[in-house]
Amino acid sequence: MCRFLVYKGSDEILLSKLILDPTHSILKQSFDSRLRLDTRRGQNNADGFGIGFYTQQKLGAAPCLFTSTTPAWNCANLQRLASKTASHLIFAHVRATTEGSLSEDNCHPFCHGSLMWMHNGGLGGWKQIKRRLGERLADKWYLGVVGGTDSEWAFALFLDTLERMGYDPSSQPADGFGPTVLRKAMLRTIALINELIDSIPESVIQAENVDTRSLLNFALSDGHTVICTRYVGSSSDEAASLYYSSGTLWETRVPDPANRDYQMARSDMGADVVLIASEPLTFERENWVNVPTNSILTVHNQTVMVHPILDQYYDRDPHHRRSAAFARAKGLETNEKASARLGTPPTIAPSVAVEIETQKKFLPTIPTQPRVRTPLSHVEPANPPAQVPIRSAPQQPPSQGNIKKKRASLTTVDTHTSTLPRDSSPVSPEPARNEFGNPNKIAQFFPELSMS
């Protein structure tokens, strides 16, 4: 499987500040991918790379592509070009082959007109659906496929779908196709892939042991809008990892040309810079947001929107849990924490769980990775579940008291909580957060990216 990166900014940025310089840049991921588990390949994405970026309008709406079968870390031209090239919208991709030979024709990103496309994952039952996928394409899209990857065929299907919706993919509109049109075409493309997979006879699936699950992390742009998906063709599995980060400036912590310690700075509520990546470019958890499984992310006018993909694999239950086993079998990791993947709630005291759930009704929600939540209705049942230890102290029902007191109760030993007067609850000050940028925090926030 592969790794990719998308940058969309209000201003142009040197490619080197994304591709070469950061702590965990896409170049670093080409030989040290922390969220790949493929023991056959190690942590390498060494089967070529590609960069696509949009230039000034006077040069045309089509993106400029640079692809090579040379490993990214060993390409001197990449070093030279990235340090002298700037753009406001950049795609970068490092490849580990699953379909197709080692060829520049198979290196992502792909483009047609003003549209640019790349993919991390694979189409389920590809050998069984390839012929039928090609049969449904118009001749110009069928003949336009020059490589052998399932990713390029998926792009051809997208172009065919966009045309059937009444839009000419070759038109290169001055203001783009618009986020609504691109999002609908992307969702329709995923639905068609699922239809093709569903039509594989059950006898063939059993006889040939066909894996019909797809990993569809797509990235698409027309130069104005970015569409990304994090998707798996299953209701019980997690998709491959995908994160995004937004802020006002992507810069080093110290104004020194030799400094490589980048951060997403935020001076206001704006999103002048948006990064989307298979793996975070830094090890600061507070700067990266997990894109939920089976979601579609849209960036337009520097506004980020995330919508669930509502199909047969969507589950409305917020406590529905998925397994990471499929993504791991493909040599990938997922975003979710181990406790959520294993399907076992974390062991906490019942009285603390009550206070946590009560706080959630009053405190604002902060974007973060999904956490395993224990519903209030199951915190204090008559017969507590075996995995929740029962303390000797009497359990208190949820109260509607002062929020500061509720926060304080979380830092107080439960055995004393029930005996403290309501008006004398101690309020503990929030500890100072003075370790931003400390690489050692990786073990706490990104265990799968551990440096050890």
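What share of the contacts in the protein chain with a separation of 6 or more comes from residues 24 or more positions apart? In this predicted model, the figure is 70%.

## The chain as a whole

Let's start with the broad picture. The protein chain has 452 residues, and 49% of them count as buried. Its secondary structure comes to 14 helices and 15 strands. About 21,300 Å² of the chain is exposed, with carbon and sulfur atoms supplying 51% of that area.

## Helix α6 and what follows it

Helix α6 is a good place to look more closely. It spans residues 150–164, and from the first C-alpha to the last its 15 residues reach 21 Å, close to the 21 Å expected at 1.5 Å a residue. Is α6 mostly covered or mostly open? Mostly covered: 13 of the 15 residues in α6 are buried.

Beyond the helix, Met-165 sits in the loop between α6 and α7, the latter covering residues 179–198. With a relative accessible area of 31%, Met-165 is partly exposed. Which residues does Met-165 touch, leaving aside those up to four places away in sequence? They are Val-181, Lys-184 and Ala-185. For Val-181, the separation from Met-165 is 16 residues in sequence, and the two C-alpha atoms lie 8.7 Å apart in space. Gly-166, also just after α6, takes a positive phi of about 105°.

## Aromatic pairs around Trp-117

A search of the whole structure finds 6 aromatic pairs. One of them joins Trp-117 and Phe-158 in a tilted arrangement, with 5.5 Å from centre to centre and 40° between the planes. Why does this pair tie together parts that are 41 residues apart in sequence? Because Trp-117 lies in strand β6 (residues 115–122), while Phe-158 lies in helix α6. Both Trp-117 and Phe-158 are buried.

Trp-117 has another ring partner in Phe-218. Here the ring centres are 4.6 Å apart and the planes meet at 40°, so this pair is tilted as well. The link again runs between distant parts of the chain, from Trp-117 in strand β6 to Phe-218 in strand β7 (residues 215–221), 101 residues away. Phe-218 is buried, as is Trp-117. With Phe-155 included, the residues Trp-117, Phe-155, Phe-158 and Phe-218 form one aromatic cluster.

## Salt bridges

Charged side chains offer another set of links. The structure holds 7 salt bridges, and the table lists some of them.

| Acidic residue | Basic residue | N to O distance |
|---|---|---|
| Glu-163 | Lys-140 | 2.6 Å |
| Asp-211 | Arg-213 | 3.0 Å |
| Glu-238 | Arg-230 | 3.9 Å |

The salt bridge of Glu-163 with Lys-140 brings us back to α6. This pair links distant parts of the chain, since Glu-163 is in helix α6 and Lys-140 is in helix α5 (residues 139–143), 23 residues apart. Glu-163 is partly exposed, at a relative accessible area of 26%, and Lys-140 also counts as partly exposed, at 45%.

What about the surroundings of the Asp-211 and Arg-213 bridge? Asp-211 has 28% relative accessibility and counts as partly exposed. Arg-213, at 29%, is partly exposed too. Salt bridges that share partners join Asp-211, Arg-213 and Asp-237 into one network.

Are Glu-238 and Arg-230 buried or exposed? Both of them are buried, and their closest N and O atoms are 3.9 Å apart.

## A buried threonine in a loop

One last stop is Thr-282, in the loop between strands β12 (273–277) and β13 (289–290). Why does Thr-282 count as buried? Its relative accessible area is 3%, and the cut-off for buried is under 20%. The side chain of Thr-282 is joined to that of Trp-288 by a polar contact of 3.0 Å.

Conventions. Residues numbered from 1 in each chain as written. Predicted model: local features only at pLDDT ≥ 70, side-chain atom pairs only at ≥ 80, totals over all residues. Heavy atoms only, no water. Helix = DSSP H or I, 4+ residues; strand = E, 2+ residues; numbered from the N terminus. Buried < 20%, exposed > 50% of the residue type's maximum accessible area, 1.4 Å probe, protein only. Contact = heavy atoms within 4.5 Å. Polar contact = N/O pair within 3.5 Å; in protein donor to acceptor, adjacent residues only side chain to side chain. Areas by Shrake-Rupley, 256 points an atom, 1.4 Å probe, with all protein chains shown as cover. Expected span 1.5 Å × (residues − 1). Phe/Tyr/Trp six-rings, centres within 6.5 Å; stacked < 30°, edge-to-face > 60°. Salt bridge = Lys/Arg side-chain N within 4 Å of Asp/Glu carboxyl O.
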